[in-house]
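Reader: I've got a structure open and a few things I'd like to talk through. Mind walking me through them?

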Amino acid sequence: MASRAEGERAQSSISRRRAAARDRSGEAYTRRRSEIVAAAATIFRQKGYQATTLADVSEAVGVDRASLYFYVSSKDEIFDEIVTELVKANTVEAERIAASAAAAPAKLRTLVLSLMRSYSDNYPFLYVYLQQNLSHVSEERQGWAAELRGVNRRYEAAVQAIVQQGVDDGSLRPVLDARVVAFGLMGIVSWTHRWFNPETSLVQAREIGEEYASMLLDGLVARPGEPVPVTRPVPHPDVVALVARFTRARVPTYDTLSVPEARAMLEGVTRLQKPPQDVASVRDVEMDGDGGHVPGRVYVPDADGPLPVVVYLHGGGFVLGSLEAADAPCRALANAAPCIVVSVDYRRAPETKFPGPLEDCVRAVRWVARHAADLGGSDRLVLLGDSAGAGLAAAAAAVLRDEGGAVLAALVLLYPTLAPSSTTDFASYRTFADGPLMTRRELDWFWDHYLRGPADARDPAAAPLHAPDLAGLPATTIVVPELDPLHDEGVAYSERLRGAGVPVRLLEIRGAAHGFWWMDAVMSQADELTAALVPAIVGDAGVPA
């Protein structure tokens with residue numbers, strides 16, 4: 001223990017003396033240190049990194065070992081500095097290529113050749129670097145490893161940008177994910193160190209680079225008349241992280257639980273939400289009329305009125321969900337627009353099957369229409385729902401069109417549940433049968449609880465997708481997550497609305513999964529969606545209204 005402590009004190013003394021020398025000499029110190037690093041680089045090239053010692057460096061620069069320690073503390077420190085500059089230079093070159101005016105295939109070829117040339121020119125350093133694992137370096141080198149990982153991410157981003165450019169302009173085939181190409185390219189070249197030594201190889205680095213580029217581009221370059229390969233959409237990183245979290249926690253799917261268990265699990269969604277935002281006022285109301293009453297909650301933001309009024313129908317497969325689970329999204333929406341939000345606590349299945357929940361929703365909309373001015377609202381009334389709530393909103397809009405009682409300015413449907421899978425044949429039900437985050441089995445379980453029997457499955461009031469006539473419905477915004485089993489039926493409904501002369505805005509959210517709007521603490525796309533809904537709520541120009 002004593003010798004270790006003495007060593008640490010000695011090292012600390014050297015560090016203090018080095019700092020003092022640096023502060024005292026300034027530019028002269030920096031210049032001398034650069035000379036030492038350059039000399040060490042020359043020796044590394046001649047003898048190899050492993051065979052070189054600090055004594056060799058001392059001899060080359062004409063200083064004794066004690067003096068050398070004023071400038072560098074170890075061979076690793078010199079090596080790390082050299083490699084950092086090389087990797088940064090490669091990254092700057094990749095970013096330059098990505099920003100150039102060349103076509104994407106030409107950029108990729110240039111990038112591969114550039115990387116191979118750098119590898120060949122700097123073999124003694126990059127060979128050692130590529131053998132290292134940045135996740136398993138010593139504690140003293142963690143800062144260096146973190147810096148290199150950041151530089152590597154910049155390189156990956158440059159490659160991804162080139163690939164995405166090519167996919168967008170049609171010069172490259174659509175790929176599953178630009179990251180696949182970026183990592184593949186880097187992997188091919190980096191693994192070259194296992195067999196290629198430019199000092200002994202009969203094959204030149206440029207020849208290898210040309211071969212790599214040809215192999216890569218043969219598979220990527222789009223050819224006229226060639227069928228476009230079908231690729232599975234790539235989940236947003238937040239979706240990947242949440243699925244992994246649920247998998248580790250062994251979170252069950254709703255269809256494997258009893259109704260009380262499923263309800264309790266859904267209420268846990270509040271743990272995936274940001275803290276509720278403050279609004280000017282929140283109060284619970286009883287919305288009566290048509291021979292009944294429906295509980296609700298009114299959110300009023302701190303904004304000058306009169307404001308648009310949004311009647312919100314929560315999701316939950318007709319079975320789950322509550323005012324509490326939807327509290328945070330309602331507050332966020334009220335502040336974002338700003339608008340008054342009336343959240344509806346409609347009766348749920350299986351205790352109340354179809355058409356009971358729909359009747360509650362229609363009753364609530366009519367009540368809000370009568371009391372909008374009392375709530376501080378304008379005459380702009382918007383009906384919004386998510387998932388099963390969106391299905392109820394679509395059905396309620398049709399009832400109000402036919403029977404009156406409220407005039408809707410707009411209808412907003414977030415990943416709507418519009419018909420049982422047994423009555424449709426959409427590809428998304430097969431592609432995303434197992435999720436992420438929502439499965440076909442769960443959706444079937446919800447419908448089984450909601451409907452009274454098989455005949456209800458094609459009743460337009462239960463399944464709005466099957467409505468024979470959609471003309472006269474309000475301007476509609478439909479949001480479809482790319483990775484949702486319900487994706488295709490949302491798209492189909494938008495096409496039917498458009499065919500019926502209804503103004504439609506379809507928003508496909510790339511990489512998103514069902515239900516993400518309620519999970520803003522773990523899904524960055526939730527806040528983006530809230531912002532995207534504002535134009536439909538306030539009636540901005542260019543948005544269906």
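Reader: How many disulfides does a search of the whole structure find?

Author: Bear in mind that this is a predicted model. A disulfide needs two cysteine sulfur atoms within 2.5 Å. Searching the whole structure on that basis, the number of disulfides comes out at zero.

Reader: Okay, take cysteine 330. Which cysteine has the closest sulfur, and how far away is that sulfur?

Author: Cysteine 330 is tucked away, since its relative accessibility of 1% counts as buried. Its sulfur has no bonding partner, because the closest cysteine sulfur is too far off for a bond. That sulfur belongs to cysteine 339, at 9.2 Å.

Reader: And cysteine 361, buried or exposed?

Author: The cut-off for buried is under 20% relative accessible area. Cysteine 361 has 0%, so it is buried.

Reader: On to pockets. Which element gives the most to the lining of the largest pocket?

Author: The largest pocket holds about 890 Å³ of space. Its lining has 35 residues, with Phe246, Val251, Tyr254, Met265 and Leu437 the closest to its centre. The elements giving two or more residues are α12 (259-267), α17 (440-450) and α11 (237-249). The top contributor, with five residues, is α11.

Reader: What does that lining look like by class?

Author: Sorting the lining residues of the largest pocket by class gives three groups. They are five charged, eleven polar and 19 nonpolar.

Reader: Last one: which residues is threonine 530 in contact with, leaving aside neighbours within four places in sequence?

Author: Threonine 530 sits in helix α19 (residues 524-538). With 9% relative accessibility, it counts as buried. Setting those sequence neighbours aside, its contacts are Ala332, Leu333, Ala336 and Trp517.

Definitions and conventions
Residues numbered from 1 in each chain as written. Predicted model: local features only at pLDDT ≥ 70, side-chain atom pairs only at ≥ 80, totals over all residues. Heavy atoms only, no water. Helix = DSSP H or I, 4+ residues; strand = E, 2+ residues; numbered from the N terminus. Buried < 20%, exposed > 50% of the residue type's maximum accessible area, 1.4 Å probe, protein only. Contact = heavy atoms within 4.5 Å. 1 Å grid on protein atoms, 1.4 Å probe; cavity = no way out; pocket = protein on both sides within 12 Å on 5 of 7 lines; lining within 4 Å. Points joined across faces, edges and corners; volume = space filled by probe spheres on them. Nonpolar A, V, L, I, M, F, W, Y, C, P; charged D, E, K, R; others polar.
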